[in-house]
Amino acid sequence: MSVIVSDATPLNYLVLIDAVELLPRLFSKVLIPPAVKSELSSDSAPVVVLDWLQQVSWLKIIAPKQGDYCLGLDAGETESIALAEELGIEQILMDERKGRRVATQRGLLTVGTLAVLERSAAQGWIDFGEHIRRLRTTTFRIHEQLIEEASERLKAKRP
C-alpha cells in the first residue's frame, strides 16, 4: 500500500456517500495539509463532514514548508501539491480538473473519487452501482462517460 496526499473535495464526497473509510484500506497513509483541513471545517461544510473530521484518527495533517501560489489553484490544491512534492509522495487524491492537470504536469499521479470507488469495487468491498447512485445525490460533477468506462472495466474483471 502507498501513501497519498488528499485535497478536500474527494474527502468531502467520500464522507457524504459513506465511503471515506475505504481510503485507509487502499492507502497506508492519507495526508492533508492545513488548508484542506480548513476547507473541510469551513462554515459551509456539511455537518456530517464536520463530525467526521472531529473523529477521524487515520488522517494526518502535515504543513508543507512552502507552496507555489502562482499556480492559479485554491489553497487546498496548492498545499496538497506542495506537500506531495516535498515528501516525495507520488499520488494525490484530487478531483478538480485544473488541479489534476497541474499535479500531472508536476509529475504526480492523480487519483479521483471515481478511482477510489472503482478500486474498492474491484476488491469486492463495495457495490459500485450503489455508491455511484449515492454520489449522484450530491453536487458531485463528473462526465457520465467516465462512470460508464469504470463500470465496463469492472465488468471485464469479473470471472
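# Exercises on a predicted protein chain

With 159 residues, the protein chain has a radius of gyration of 15 Å, which agrees with the value near 15 Å for a compact globule. The model is predicted, so let us read its features step by step.

## Exercise 1: The whole chain

Task: describe the overall build of the protein chain, from its secondary structure to its contacts.

Solution. Step 1: start with the elements. The chain holds nine helices and five strands, and their order along the sequence is β-α-α-β-α-α-β-α-β-α-β-α-α-α.

Step 2: look at the extent. The C-alpha trace spans about 45 × 35 × 30 Å along its principal axes.

Step 3: turn to burial and contacts. Of the 159 residues, 47% are buried. Among contacts between residues at least 6 apart in sequence, 65% join residues at least 24 apart.

## Exercise 2: Helix H5 and its ends

Task: work out how helix H5 (residues 75-87) is built, what covers its buried residues and what is found at its ends.

Solution. Step 1: check the length. H5 has 13 residues and reaches 18 Å from first to last C-alpha, close to the 18 Å expected at 1.5 Å a residue.

Step 2: list the buried positions. They are Gly76, Glu77, Thr78, Glu79, Ser80, Ile81, Ala82, Leu83 and Ala84.

Step 3: find the cover. It includes three strands, S1 (2-6), S2 (27-32) and S4 (91-93), along with helices H3 (34-40) and H6 (97-105).

Step 4: inspect the ends. At the N-terminal end, Asp74 acts as a cap, with a side-chain oxygen 3.0 Å from the backbone nitrogen of Gly76. Just after H5 comes Gly88, whose phi is positive at about 70 degrees.

## Exercise 3: Gln91 in strand S4

Task: decide whether Gln91 is buried or exposed, and find which residues it touches.

Solution. Step 1: place the residue. Gln91 is part of strand S4.

Step 2: apply the cut-off. Buried means under 20% relative accessible area; Gln91 has 9%, so it counts as buried.

Step 3: collect the contacts. Leaving out residues up to four places away in sequence, Gln91 touches Ser2, Val3, Ile4, Val5, Phe27, Leu109, Val111 and Arg119. With Ser2 there is also a polar contact, side chain to side chain, at 2.6 Å.

Step 4: compare sequence with space. Gln91 and Asp7 are 84 residues apart along the chain, and their C-alpha atoms are separated by 11 Å.

## Exercise 4: Helix H7 and the loop after it

Task: describe the packing of helix H7, then follow the chain to Ile126.

Solution. Step 1: count the buried residues. Seven of the ten residues in H7 are buried, so the helix is mostly covered. They are Thr113, Leu114, Val116, Leu117, Glu118, Ser120 and Ala121.

Step 2: name the partners. The buried residues of H7 pack against H1, helix H2 (23-26), S4, strand S5 (109-111), H8 and H9.

Step 3: leave the helix. Just after H7, Gly124 has a positive phi of about 85 degrees. Ile126 lies in the loop between H7 (113-122) and helix H8 (128-136).

Step 4: examine Ile126. Its relative accessible area is 15%, so Ile126 is buried. Beyond residues up to four places away in sequence, Ile126 touches Leu22, Leu117, Ser120, Ala121 and His131. Ala19 is 107 residues away from Ile126 in sequence, yet their C-alpha atoms are 8.7 Å apart.

## Exercise 5: Aromatic rings

Task: find how many aromatic pairs the whole structure holds, and classify each by its geometry.

Solution. Step 1: search. Two pairs turn up.

Step 2: classify the pair of Tyr13 and Phe140. Planes over 60 degrees apart count as edge-to-face; these two rings have planes at 75 degrees and centres 5.1 Å apart, so the pair is edge-to-face.

Step 3: locate this pair. Tyr13 sits in helix H1 (residues 8-16) and Phe140 in the loop between H8 and helix H9 (144-157), so the pair links parts of the chain 127 residues apart. Tyr13 is buried at 11% relative accessible area, and Phe140 is buried at 14%.

Step 4: classify the other pair. Trp52 and Trp58 are tilted, at 5.9 Å centre to centre with 55 degrees between the planes. Both are buried, Trp52 at 10% and Trp58 at 17%.

Step 5: add a charge over a ring. Arg25 lies over the face of Trp125, 4.1 Å from the ring centre.

Notes
Residues numbered from 1 in each chain as written. Predicted model: local features only at pLDDT ≥ 70, side-chain atom pairs only at ≥ 80, totals over all residues. Heavy atoms only, no water. Helix = DSSP H or I, 4+ residues; strand = E, 2+ residues; numbered from the N terminus. Buried < 20%, exposed > 50% of the residue type's maximum accessible area, 1.4 Å probe, protein only. Contact = heavy atoms within 4.5 Å. Phe/Tyr/Trp six-rings, centres within 6.5 Å; stacked < 30°, edge-to-face > 60°. Lys NZ or Arg CZ within 6 Å of the ring centre and 35° of its normal. Expected span 1.5 Å × (residues − 1). Polar contact = N/O pair within 3.5 Å; in protein donor to acceptor, adjacent residues only side chain to side chain. Rg over C-alpha atoms; globule rule 2.2 N^0.38 Å.
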